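The exercises below are to be worked with the sequence and the model open side by side. Each task is followed by a solution in steps.

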Amino acid sequence: MKKGLLLLVLLLLVGCNNGKTAYFTATKDDNYKTERQDVEKIVKDDQHIKRVTAVFTKDAALIGIEVKPFSKWNKQKYEKEWQKEMEKALPNHEVLVSTDLKIIWETEKLSKKKMNDEKLKKEITKLKDLSKEET
């Protein structure tokens, strides 16, 4: 009886999940409001995304996407799809989409710091180089 009740409560909680992204963080600069909105449109209804962090400069965009646990098996496939969608949405930017946790953490740190575009561009370049490394 207790197991059945527990199962019912668990199914109810899972069924109430609306599938929305947990949270989205990006640079707070108003210059990149349209870029932020474009990225939000792409990721807001995706059921595989847990959280998104984005940093923008005038010609570059770094987007870190953390996937939900059951979606990790196909995260390479999703990353390629998101990369194509982001490149279409941000044609004037050099876009990097990464599902690597280290890149996500570093992107989140950058989004909280107040930096000028030139210094931010250098940091994004470092992170792009880091993302290309293989272990």
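**Exercise 1. A pocket and its lining**

Which residues line the second largest pocket?

Solution. The model is a predicted one. Step 1: list the lining. The residues are Thr27, Lys28, Asp29, Tyr32, Phe56, Ser111, Lys112, Lys113, Lys114, Met115, Asp117 and Leu120. Step 2: assign them to elements. Helices α4 (101-112) and α5 (117-132) are the elements that give two or more residues to this lining. Step 3: give the volume. The second largest pocket holds about 220 Å³ of space. Step 4: take one lining residue, Phe56, and list its contacts. Leaving out residues up to four places away in sequence, Phe56 touches Ala26, Thr27, Tyr32, Glu35, Arg36, Val39, Ala61, Leu90 and Leu120.

**Exercise 2. The chain as a whole**

Determine how many helices and strands the protein chain has, and in what pattern they follow along the sequence.

Solution. Step 1: count the elements. The protein chain has five helices and four strands. Step 2: read them along the sequence. The pattern is α-β-α-β-β-α-β-α-α. Step 3: add the burial. Of the 135 residues in the protein chain, 39% count as buried. Step 4: look at contacts between residues at least 6 apart in sequence. Of these, 64% join residues at least 24 apart.

**Exercise 3. Strand β3 and its partners**

Decide whether strand β3 (residues 60-67) is largely enclosed or largely open, then place its partner strands.

Solution. Step 1: check the burial of each residue, where buried means under 20% relative accessible area. Eight of the eight residues of β3 are buried, so the strand is largely enclosed by the rest of the structure. Step 2: separate the two faces. In a regular strand, side chains alternate between the two faces of the sheet. In β3, Ala60, Leu62, Gly64 and Glu66 point one way, while Ala61, Ile63, Ile65 and Val67 point the other way, and all are buried.

Step 3: take the antiparallel partner. Strand β2 (residues 49-56) runs antiparallel to β3 and is joined to it by seven bridges. One bridge pairs Ala54 with Ile63 of β3. The two strands form a hairpin, with three residues between them.

Step 4: take the parallel partner. Strand β4 (residues 94-98) pairs with β3 in the parallel sense over five bridges. Ile63 stands opposite Val97 of β4. From β3 the chain passes through helix α3 (residues 75-89) to β4, a β-α-β crossover that is right-handed.

**Exercise 4. The nonpolar cores**

Which residues of the largest nonpolar core touch the most other members?

Solution. Step 1: recall the general tendency. In soluble globular proteins, nonpolar side chains tend to be buried together. Step 2: name the residues asked for. In the largest core, which has 19 residues, Phe56, Ile63, Ile65 and Met86 touch the most other members. Step 3: find the contributing elements. At least two residues of this core come from each of α2 (33-43), β2, β3, α3 and β4. Step 4: look for another core. Apart from the largest one lies a core of nine residues, including Val55, Leu96, Ile124 and Leu127.

**Exercise 5. Three residues, three environments**

Classify Glu94, Thr107 and Lys41 as buried, partly exposed or exposed, and describe their surroundings.

Solution. Step 1: Glu94. This residue is in strand β4, where four of the five residues are buried. Glu94 is partly exposed, with a relative accessible area of 46%; the partly exposed class lies between 20% and 50%. Its bridge partner is Ala60. Beyond its neighbours within four places in sequence, Glu94 is in contact with Asp59, Ala60, Ala61, Lys121 and Lys128. Lys58 is 36 residues away from Glu94 in sequence, with 9.6 Å between the C-alpha atoms.

Step 2: Thr107. This residue lies in helix α4 and is buried, at a relative accessible area of 0%. Beyond its neighbours within four places in sequence, Thr107 is in contact with Thr53, Ala54, Val55, Leu62, Gly64 and Leu127.

Step 3: Lys41. This residue lies in helix α2 and counts as exposed, at 60% relative accessibility. Its C-alpha atom is 9.5 Å from that of Ala89, and the two residues are 48 apart along the chain.

Conventions:
Residues are numbered from 1 along each chain as its sequence is written. This is a predicted model: local features need pLDDT of at least 70, side-chain atom pairs count only at pLDDT 80 or more; totals for chains, interfaces and linings use all residues. Side-chain values use heavy atoms; hydrogens and water are left out. Buried means under 20% relative accessible area, exposed over 50%, partly exposed in between (1.4 Å probe, protein chains only). Two strands pair if DSSP finds at least two bridges between them. A crossover is right-handed if, with the strands pointing away from the viewer, the path from the first strand over the helix to the second runs clockwise. A nonpolar core is a set of buried Ala, Val, Leu, Ile, Met, Phe, Trp, Tyr and Cys residues joined through side-chain atoms within 4.5 Å. Contact means heavy atoms within 4.5 Å. On a 1 Å grid over the protein atoms alone, a cavity is a set of points where a 1.4 Å probe fits but cannot get out, and a pocket is an open set with protein on both sides within 12 Å along at least five of seven lines; lining residues have an atom within 4 Å of a point. Grid points are joined across faces, edges and corners, and a volume is the space filled by probe spheres set on the points.
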